[in-house]
Amino acid sequence: QDTLYEELSSAFSMSTVPTLDTVKSLRFLRNVIREALRLRPPVPLVARMAVEDDVLPHSKVFVPKGRMVVISPFIVHRCKELYGDDVEVFRTDRWDSPALADAEERCAFIPFLAGKRHCIGHNFAVNEMMLALAMVFRRFKVSWPEGRPLPKLNHTITLRPIPETEFVVDSRTA
């Protein structure tokens with residue numbers, strides 16, 4: 001949070017609303033969002049029915065017409081071969097690795113899925129996240145209440161916490 005605050009402070013003042021171009025240029029903010037989407041993809045699981053016989057390109061697995069195929073960004077994003085042994089750890093610097101430079105193109109990072117059926121609002125959602133996070137974390141320090149357990153995840157169509165989420169917000173004065 002302190003590193004993010006420093007990056008945001010150097011990019012725009014407290015009294016300024018950042019532009020989209022400004023926030024898009026912030027490497028650490030981009031890494032924070034990518035890591036958050038890796039660990040908590042908006043849609044953790046999706047099923048598709050094959051409309052014709054097909055062969056998966058990398059594994060060469062045959063998928064017959066009518067077969068249900070399940071894709072889980074939640075599981076893909078925890079692949080140790082892709083993300084390292086610390087896949088459950090929120091670590092923003094993993095996105096500075098050349099090995100993840102083309103993660104979206106290789107379908108190794110699919111919070112909004114990929115291909116013809118990826119989320120049409122993908123770019124809008126990421127831009128909105130960047131602006132919102134920049135404005136919130138430039139002005140506030142957010143923390144989880146001490147002693148309170150983290151929420152358990154409810155894997156439905158979208159990934160949501162089960163209990164009511166509470167956090168502490170302290171206003172920044174600088």
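Q: Which residue's side chain meets that of E104 in a salt bridge?
A: In this predicted model, local features need pLDDT (the predictor's confidence in each residue, from 0 to 100) of at least 70, side-chain atom pairs count only at pLDDT 80 or more, and totals for chains, interfaces and linings use all residues. Residues are numbered from 1 along each chain as its sequence is written, and side-chain values use heavy atoms, with hydrogens and water left out. A salt bridge places a side-chain nitrogen of Lys or Arg within 4 Å of a carboxyl oxygen of Asp or Glu. At 3.2 Å from N to O, the partner of E104 is R34.

Q: How far apart in sequence are the parts that E104 and R34 tie together?
A: Helices are DSSP runs of H or I with at least four residues, and strands are runs of E with at least two, numbered from the N terminus. Because E104 lies in the loop between α5 (80–83) and α6 while R34 belongs to helix α3, the pair ties together parts whose separation is 70 residues.

Q: Is R38, the salt-bridge partner of E35, buried or exposed?
A: Buried means under 20% relative accessible area, exposed over 50%, and partly exposed in between (1.4 Å probe, protein chains only). E35 and R38 both lie in helix α3, three residues apart, about one turn of the helix. E35 has 0% relative accessibility, and R38, with a relative accessible area of 0%, is likewise buried.

Q: Which element has the lowest mean pLDDT?
A: Where pLDDT is low, the predicted coordinates should not be read in detail. The protein's mean is 89, and α3 has the highest mean among its elements, 97, whereas the lowest, 63, belongs to strand β8.
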